[in-house]
Amino acid sequence: MQIISSLSELRTWRQQCYKDGKTVAFVPTMGNLHEGHIELVQQAHKYADFVITSIFVNPMQFGENEDLDAYPRTFDADCKKLEAVNNHVVFYPTVADMYPNGLKAQTVVSVPNNELEHCAEATQRPGHFDGVATVVTKLFNMVQPDTALFGQKDYQQVRLIQTLVKDLNMPISIVPVPTVREASGLAKSSRNGYLSDDQKATAAVIYQTLLAVQDALKSGARNINEMQTFALEMIELAGLKPDYIEIRDSSDFGKVTDSSLQAVILVAAFVGKARLIDNLTVELS
């Protein structure tokens, strides 16, 4: 497995792929890899000749009082996991490589969506999605993949990137990959590493809450405020601190109406210091 740190080396590698007529699938990560990331890499082999995974902890998508400094850096362990699933290249840039003029002087990519801007992660983490859109655009420009894979655990992020690629006419196919879960239903996350075994068991109530709301929606319930209140109470009773739970039309993040075909349930909750997110889509027709 090849490890590339410089942009010039990356360009040389990519030019050779073009010359040889080889396709490239890309998995962007912030490292501290878990089974969800590895699933993305394994799926990526289906779409291209070569798989490249980036490891970059992006400071631009962390807000004030968030865990940038505490975010685990486990590069050597990550590389072993990637090598075990035949990942071909690891792109490992520095902050200076990614933001040569500094964060304050960085051109910002913003994807406007009135509904997205007023719900869930976008509301609770102002500026977060600008940081995501900016770094993903830069990585796409550097790697120039044919295909890129993203986990559906970050539902809003996937939708944002799909819009970004479409709006900017990028010739990249975006492949969402279903969330990988523990046996308890807890979504695999880098932040699960902050949890004790007891906290992991308690955190399983997040998925149980999603399933309860899903059952209510499938049974015809449409009092969204009532269901959101029920879900918040369910999470609180388990000893977690809910950040939000929102039930939205999955097509545009607007309100669920009688004409909605599918809903998405979006949730974030604190388990100790760890902030966990999850989601579930529900067919309504």
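This passage goes through the packing, the sheet and the ring contacts of a predicted model.

The hydrophobic interior comes first. The largest nonpolar core has 45 residues, and within it I52 and F140 touch the most other members. Several elements feed two or more residues into this core: the helices α1 (7–20), α5 (120–124), α6 (128–143) and α7 (155–167), along with the strands β2 (24–29), β4 (89–91), β5 (147–151) and β8 (262–271). Helix α6 hands over the largest share, nine residues. A look at F140 gives a feel for the packing: once residues up to four places away in sequence are set aside, F140 touches F26, P145, A148, F150, I161, V165, M170, I172 and I174. Another core, of 26 residues, lies apart from this one, and its members include L186, M227, I245 and A269.

Next comes the sheet built from β7, β8 and β9. These three strands make an open sheet, in the order β7-β8-β9, with antiparallel pairing. The edges are taken by β7 (241–249) and β9 (274–283), each of which pairs on one side only. On average, neighbouring strands here are turned by 10° against each other, direction ignored. In general, the strands of a sheet pair through backbone hydrogen bonds, and the pairing can be parallel or antiparallel.

The β8 and β9 pair can be followed residue by residue. The two strands run antiparallel and are joined by 10 bridges. V271 has A274 in β9 as its bridge partner, while F270 is bridged to R275 of β9. With two residues between them, β8 and β9 form a hairpin, and G272 in the turn shows a positive phi of about 65°. For an edge strand, how much of β9 is covered? Mostly covered is the answer, as eight of its 10 residues are buried.

Helices pack on this sheet too. Helix α7 lies across β7, β8 and β9, running at about 125° to β8. Helix α10 (residues 224–237) also packs on the sheet, where it touches β7 and β8, and its direction makes about 150° with that of β7. One residue of α7 worth a stop is Q157. Q157 is buried, with a relative accessible area of 16%, which puts this side chain under the 20% cut-off. Leaving out residues up to four places away in sequence, Q157 touches F129, V132 and F150.

The aromatic rings are the next stop. The count of aromatic pairs comes to seven. For F62 and Y71, the ring centres are 6.1 Å apart and the planes stand at 80°, so this pair is edge-to-face. Neither ring is left out in the open: F62 is buried at 11% relative accessible area, and Y71 is buried at 5%. F140 and F150 make an edge-to-face pair as well, with 6.4 Å from centre to centre and 75° between the planes. Since F140 lies in helix α6 and F150 in strand β5, that pair ties together parts that are 10 residues apart in sequence. Both F140 and F150 are buried, and together with F26 they form one aromatic cluster.

Charged side chains turn up over rings in places as well. R14 lies over the face of Y18, at 4.1 Å from the ring centre. K241 does likewise with F270, at 5.8 Å from the ring centre. F270 is also the residue whose bridge partner in β9 is R275.

The last stop is T53, which lies in strand β3 (residues 50–55). Is T53 buried or exposed? At 1% relative accessibility, T53 counts as buried. Neighbours within four places in sequence aside, T53 is in contact with F26, V27, T29, V41, L82, N87, V89, V90 and F91. One of these contacts, L82, is 29 residues away along the chain, yet the C-alpha atoms of T53 and L82 are separated by 8.3 Å. F26 appears in this list and also among the contacts of F140.

Technical notes: Residues are numbered from 1 along each chain as its sequence is written. This is a predicted model: local features need pLDDT of at least 70, side-chain atom pairs count only at pLDDT 80 or more; totals for chains, interfaces and linings use all residues. Side-chain values use heavy atoms; hydrogens and water are left out. A nonpolar core is a set of buried Ala, Val, Leu, Ile, Met, Phe, Trp, Tyr and Cys residues joined through side-chain atoms within 4.5 Å. Buried means under 20% relative accessible area, exposed over 50%, partly exposed in between (1.4 Å probe, protein chains only). Helices (H or I, at least four residues) and strands (E, at least two) are DSSP runs, numbered from the N terminus. Contact means heavy atoms within 4.5 Å. Two strands pair if DSSP finds at least two bridges between them. Axes are lines fitted to C-alpha atoms, for helices over the stretch in contact, and angles run from 0 to 180 degrees between N-to-C directions. Rings of Phe, Tyr and Trp (its six-membered ring) pair if their centres lie within 6.5 Å; planes under 30 degrees apart count as stacked, over 60 as edge-to-face and the rest as tilted. A charge sits over a ring if NZ of Lys or CZ of Arg is within 6 Å of the ring centre and within 35 degrees of the ring normal.
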